[in-house]
Every structure is written in structure tokens, then in C-alpha cells.
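Below are my notes on the model you sent, set out as numbered points. Please read them with the sequence and the structure open beside you.

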Amino acid sequence: MYHKNIKLFLFAALNVLAIWQFTESEIGNGIFLIVLSLIFILLYFKNEFIILAFFKLRKQDFEGAKKWLAYIKNPQAALVRKQQGYFEYLHGLMLSQTNITQAEKHFKKAVELGLSMDTDLAIAKLNLAGVAMTRRRKLEATNLLNEAKKLDKQGLLKDQIKLMKEQMKKI
């Protein structure tokens with residue numbers, strides 16, 4: 001796993017090399033180097049291991065996702081802030097199946113760091129509401145459910161939110 005600044009350095013170095021190729025009238029080489037440098041910018045903003053972990057989670061392969069996330073040794077150095085949020089979010093999703101206490105810590109950290117998509121933030125808050133509900137913190141769970149409902153603009157979580165509100169009435 002490379003430090004995020006190494007990716008920026010490689011981008012800059014390839015662009016300098018591309019400019020040199022343009023001055024030497026090697027237009028094809030220059031274009032190739034610019035396209036190659038764009039890969040490093042893409043990997044700066046979208047971490048390859050997080051993308052691979054998302055692919056594994058789509059197939060419900062939690063062990064495979066854990067394996068890919070394990071390649072990220074130091075998330076603060078290797079990832080930008082939003083990627084750190086998704087790193088914590090993915091850990092929270094995987095731990096929500098086994099250890100709800102640790103999952104709560106990861107979801108809170110993910111919400112604090114921020115997530116790019118409102119649906120992901122809604123899922124994180126919905127999971128936090130479920131944890132609060134199991135711990136008999138009804139007010140906190142109600143607030144989190146309302147926030148999740150506001151964030152769920154496509155209505156993907158409407159049924160889950162409705163089910164949790166019905167369960168909260170029993171508490």
C-alpha cells in the first residue's frame with residue numbers, strides 16, 4: 001500500500017516526462033504518459049483496495065472483503081478523508097454481522113469522517129439506530145432513524161426504517 005503523496009508524485013513525474021516527450025516531438029509517447037498519469041489521480045481519489053472490498057461485499061463474501069481491507073495498513077497515511085470514512089464504513093458493515101459493539105465504533109467514525117453518498121450515510125445511521133435500539137436508547141434511535149429517513153432520497157431503506165419504527169413502539 002502506497003502513501004497517498006507517492007501517487008501524487010508519480011502523477012507529477014509522469015506529466016513532466018510527458019511534457020518532455022512533447023518537446024522532443026514524440027507526441028504519441030506524451031499522450032500515453034498523460035493517460036498513464038491519470039490512473040494515479042484516479043487511484044488517489046478512489047482507492048483500489050476499497051473498490052475491491054466493495055465488489056466482494058456485493059457477493060456477500062465478508063472474508064474476501066476483510067482480506068482486501070487488510071492490505072491497508074495505515075489508513076490515515078494512505079487514504080484521503082472520505083476514503084477513511086468508507087474504510088470505517090466497510091469495517092462496520094462486516095462487524096455488524098458478528099460484533100455489534102465494535103461495529104458501532106466503526107459506524108460512528110465513518111459518519112464523523114464523512115461518506116460521499118447519502119445512501120451510504122443513511123445505512124450507517126440506520127445501523128447506529130439499530131444499535132441504540134438494542135441498548136434501550138429510544139431517543140437516540142429515533143433521532144438517527146429520522147436522519148436516515150431524510151438521507152434516503154431514493155426510498156431504498158423505507159421498509160427497514162418502517163420496520164425499526166414499529167419495533168421501537170414495542171420498547
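Which residues lie nearest the centre of the largest pocket?

1. The model is a predicted one, and the points below should be read with that in mind. In answer to the question, K46, F54, Y86, M117 and D120 lie nearest the centre of the largest pocket, whose lining comprises 16 residues. Two or more lining residues come from each of helix 3 (48–58), helix 6 and helix 8, and helix 6 gives the most, with four residues. The volume of this pocket is about 410 Å³, and its lining divides by class into nine nonpolar, four polar and three charged residues.

2. The second largest pocket, with a volume of about 280 Å³, has a lining made up of F54, L57, R58, Q60, F62, Y89, L93, S96, Q97, I123 and N127. At least two of these residues are supplied by each of helix 3, helix 6 and helix 8, although here the largest share, three residues, belongs to helix 3. By class, six of the lining residues are nonpolar, four are polar and one is charged. I would draw attention to F54, which is listed in the lining of this second largest pocket and is also among the residues nearest the centre of the largest pocket.

3. As for enclosed space, the structure holds one cavity of 30 Å³ or more, and the space in this largest cavity comes to about 30 Å³. The residues that line the largest cavity are P75, Q76, Q84, F87, E88, K109 and L113, and the elements giving two or more residues to that lining are helix 5 (75–78), helix 6 (81–95) and helix 7. Helix 6 again gives the most, in this case three residues, while the lining as a whole divides into three nonpolar, two polar and two charged residues.

4. Eight salt bridges are counted in the model, and E104, K108, R135, R137 and E140 are linked in a network of such contacts. Within that network, K108 pairs with E104 at 3.4 Å between the closest N and O atoms, and both residues lie in helix 7 (residues 100–113), four residues apart, which is about one turn of the helix. The two partners differ in exposure, since E104 counts as buried at 7% relative accessibility, whereas K108, at 41%, counts as partly exposed.

5. E104 also forms a salt bridge with R137, for which the closest N and O atoms are 2.9 Å apart. Because R137 lies in the loop between helix 8 (118–134) and helix 9 (138–151) while E104 belongs to helix 7, this pair ties together parts that are 33 residues apart in sequence. R137 itself counts as partly exposed, with a relative accessibility of 28%.

6. A further salt bridge joins D61 to K56, with 3.6 Å between the closest N and O atoms. Here D61 is partly exposed at 27% relative accessibility, and K56 is likewise partly exposed, at 28%.

7. Finally, the surface carries a nonpolar patch formed by F22, I27, I31, I34, V35 and L38, which together have about 490 Å² of accessible area. Helix 2 (residues 27–45) provides the largest share of this patch, namely five residues. One of the patch residues, V35, is placed in helix 2 and is partly exposed, with a relative accessible area of 48%.

Terms used
Residues numbered from 1 in each chain as written. Predicted model: local features only at pLDDT ≥ 70, side-chain atom pairs only at ≥ 80, totals over all residues. Heavy atoms only, no water. Salt bridge = Lys/Arg side-chain N within 4 Å of Asp/Glu carboxyl O. Buried < 20%, exposed > 50% of the residue type's maximum accessible area, 1.4 Å probe, protein only. 1 Å grid on protein atoms, 1.4 Å probe; cavity = no way out; pocket = protein on both sides within 12 Å on 5 of 7 lines; lining within 4 Å. Points joined across faces, edges and corners; volume = space filled by probe spheres on them. Nonpolar A, V, L, I, M, F, W, Y, C, P; charged D, E, K, R; others polar. Patch = residues over 30% accessible without salt bridge, like charges linked within 9 Å, V, L, I, M, F, W, Y side chains within 5 Å. Areas by Shrake-Rupley, 256 points an atom, 1.4 Å probe, with all protein chains shown as cover.
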